[in-house]
Amino acid sequence: MDILFFDIYYLFNLIILYYVLFVDFYYVSLFLLSLKQVKHYMRRTSHKVYKDLNRSHLTPPVSLLIPAYNEEKTIVSNLLSALLVEYPEYEVIVINDGSTDATLEELVEAYSLHEVNVPIRYQIPTEEIRGVYRSLQYPQLIVLDKENGGKADALNAGVNASNFPYICSVDADSLLDRDALLKTTQPFIEGEDDIVACGGIIRVANGTTVEDGRVVSVGLPKNPLAIHQVIEYLRSFLMGRLGFSGINSLLIISGAFGIFRKREIIEIGGYDTTTVGEDMEIIIRLQKYLYDKKSKAKVIFLPNPICWTEAPSSLKVLGRQRIRWHQGLFQALWKHKKTMFNPKYKHMGLIAMPYFFLVELIGPTVELVGTILMLVGLYFDIVNVPFAILFILATFVFGMFLSMSAVLLEEMTFRKYTRVRDFFKLMLFSMIESFWYRQLNAIWRTMAFFRIRPNRKARKGAWGGMERKGLSQENT
């Protein structure tokens with residue numbers, strides 16, 4: 001009996017080790033793809049003068065959609081960044097999704113809003129729009145007041161109310177760099193490829209100095225939890241989405257900042273109101289739609305258009321956010337499971353979808369189980385030392401390598417963190433995250449599985465809870 005137990009235990013550990021090595025291979029491949037894409041992007045944009053795009057008649061008008069729910073603390077100051085972007089023609093549509101606080105009242109007072117009678121064309125079904133407001137100060141500002149329906153429903157209402165052929169979704173707690181819109185619409189203007197959607201990078205704003213809706217200096221937050229998120233975002237965007245963009249299999253554009261051609265968004269029925277991960281679900285559905293039409297249009301990611309967002313500074317809020325994200329990932333993959341390993345969808349079906357299932361969805365749980373089994377095995381002396389060393393190298397040490405590589409990639413290219421001490425602090429936190437932050441994330445993402453009901457619709461009007469402290473101060 002004891003021999004059978006040890007054999008099963010050893011086999012199970014061996015399977016987990018091979019799985020971890022498989023995941024590491026995926027990560028290395030993405031890293032190499034990302035390096036290639038960064039070099040290509042830097043070469044093409046090193047001499048680009050974005051002021052020319054600001055004056056060009058080819059620059060398409062854009063509708064910025066900002067869904068808001070209970071954002072009274074930050075909406076007025078954060079909205080300035082959208083109203084003051086450098087762009088020839090755009091409108092800003094704030095969608096107040098039935099807030100129960102003073103979000104609408106704050107907007108009315110700060111921006112001199114008055115109600116207008118404007119017909120809305122309901123190309124996508126949404127909850128009722130109770131009123132439309134325009135600003136006397138900023139002619140490009142429109143505010144919709146609607147019944148609560150959730151973030152996806154709010155975005156659909158914004159699509160219905162928009163007047164321009166391109167839409168840009170921006171979170172209410174986010175700040176755009178002044179030239180972010182110009183940089184993101186550049187591929188649409190150049191026309192080398194048929195682009196239907198383009199996402200920019202999301203960076204952690206905690207620790208920055210914000211004045212009049214603009215990030216004027218960049219620094220690291222004081223809170224260790226927020227610093228780990230800085231590294232996590234760099235790794236996710238510079239070494240993940242950039243790599244998938246290079247093989248035309250990008251499956252997510254962050255809901256905090258992305259530009260879409262409105263025609264395709266309407267054709268696929270807008271954002272899905274039944275999932276909590278509407279930003280990923282709509283990209284998978286859009287990619288599937290393009291493959292089904294045999295279209296050569298692309299969904300791409302650019303590493304330099306920047307949107308700054310407030311990151312959670314407490315374990316409670318961060319855990320709630322990560323559980324929600326993992327639930328959204330599961331729902332999106334489940335809804336489109338027929339594309340998985342389907343050669344009809346090429347790189348998307350054979351590489352990207354399996355990656356998000358095997359690595360992003362179940363990977364944290366497998367790694368957590370493997371770590372626990374290894375520690376138990378070492379304690380009871382049933383795991384040999386060479387096996388334990390190999391597991392540590394494949395998980396902890398390799399995780400350090402990925403995080404440190406992301407920081408180095410940032411330092412060699414865009415270099416937003418210019419102080420030497422910030423660079424060394426990021427490298428230090430890249431080394432220590434494998435010993436607590438990574439496991440914490442794995443626990444939260446494992447917890448998400450116990451709250452998932454694949455066939456149950458998302459609760460009507462649900463928004464992810466996030467306690468705002470505001471970006472006008474050093475908050476973490």
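Reader: Does Y27 count as buried, partly exposed or exposed, and what is its relative accessibility?
Author: This model is predicted, and the value for this residue is computed from it. Buried means under 20% relative accessible area and exposed means over 50%, with partly exposed in between. Because the relative accessibility of Y27 is 23%, this residue counts as partly exposed.

Reader: How are the rings of Y27 and Y355 arranged towards each other?
Author: A pair of aromatic rings is described by the distance of the centres and the angle of the planes. For Y27 and Y355 the centres are 6.4 Å apart and the planes stand at 80°. Planes over 60 degrees apart count as edge-to-face, so the pair formed by Y27 and Y355 is edge-to-face.

Reader: Which helices does this pair tie together, and how many residues apart in sequence are the parts?
Author: Y27 lies in helix α1, whereas Y355 lies in helix α11. The pair therefore ties together parts of α1 and α11 that are 328 residues apart in sequence.

Reader: Which residues do ring pairs link into a cluster with Y27 and Y355?
Author: A search of the whole structure finds 20 aromatic pairs. Among the residues that ring pairs link into a cluster, Y27 and Y355 are joined by F22, Y26, F244 and F356.

Reader: Where is the kink in helix α11 centred?
Author: Helix α11 covers residues 346-361, and the kink in this helix is about 25°. Among the buried residues of α11 are M353, P354, Y355 and F356. The kink itself is centred on P354.

Reader: Which helix gives the most to the largest nonpolar core?
Author: The largest nonpolar core has 142 residues, and those with the most contacts inside it are L64, L79, V92 and V94. With 11 residues, the helix that gives the most to this core is α1, residues 2-45.

Reader: What is V94 in contact with, leaving aside its neighbours within four places in sequence?
Author: V94 is one of the residues with the most contacts inside the largest nonpolar core. Leaving aside its neighbours within four places in sequence, V94 is in contact with I66, A68, I75, L79, L107, L141, I142, V143 and L144.

Reader: Why is strand β12 described as largely enclosed by the rest of the structure?
Author: Strand β12 covers residues 298-309, which makes 12 residues to consider. The strand is described as largely enclosed because the number of its residues that are buried is 11 of the 12.

Reader: Which strand is joined to β12 by 8 bridges, and which by 3 bridges?
Author: The 3 bridges belong to a pair that runs antiparallel, with strand β7, residues 174-176, as the partner of β12; in this pair L176 has C307 as its bridge partner. The 8 bridges belong to a pair that runs parallel, and there V204 stands opposite T309. The strand with 8 bridges to β12 is therefore β8, residues 195-204, and the strand with 3 bridges is β7.

Reader: Why is there no bond between the sulfur atoms of C168 and C307?
Author: A disulfide is a covalent bond between the sulfur atoms of two cysteines. Both residues count as buried, because C168 has 0% relative accessibility and C307 likewise has 0%. A disulfide needs the sulfur atoms within 2.5 Å, and the sulfur of C168 is too far from the closest cysteine sulfur, in C307, for a bond, at a distance of 8.2 Å.

Terms used: Residues numbered from 1 in each chain as written. Predicted model: local features only at pLDDT ≥ 70, side-chain atom pairs only at ≥ 80, totals over all residues. Heavy atoms only, no water. Bend = angle between axes of the 7 residues up to and from the residue. Helix = DSSP H or I, 4+ residues; strand = E, 2+ residues; numbered from the N terminus. Buried < 20%, exposed > 50% of the residue type's maximum accessible area, 1.4 Å probe, protein only. Core = buried A, V, L, I, M, F, W, Y, C linked by side-chain atoms within 4.5 Å. Contact = heavy atoms within 4.5 Å. Pairing = 2+ DSSP bridges. Phe/Tyr/Trp six-rings, centres within 6.5 Å; stacked < 30°, edge-to-face > 60°.
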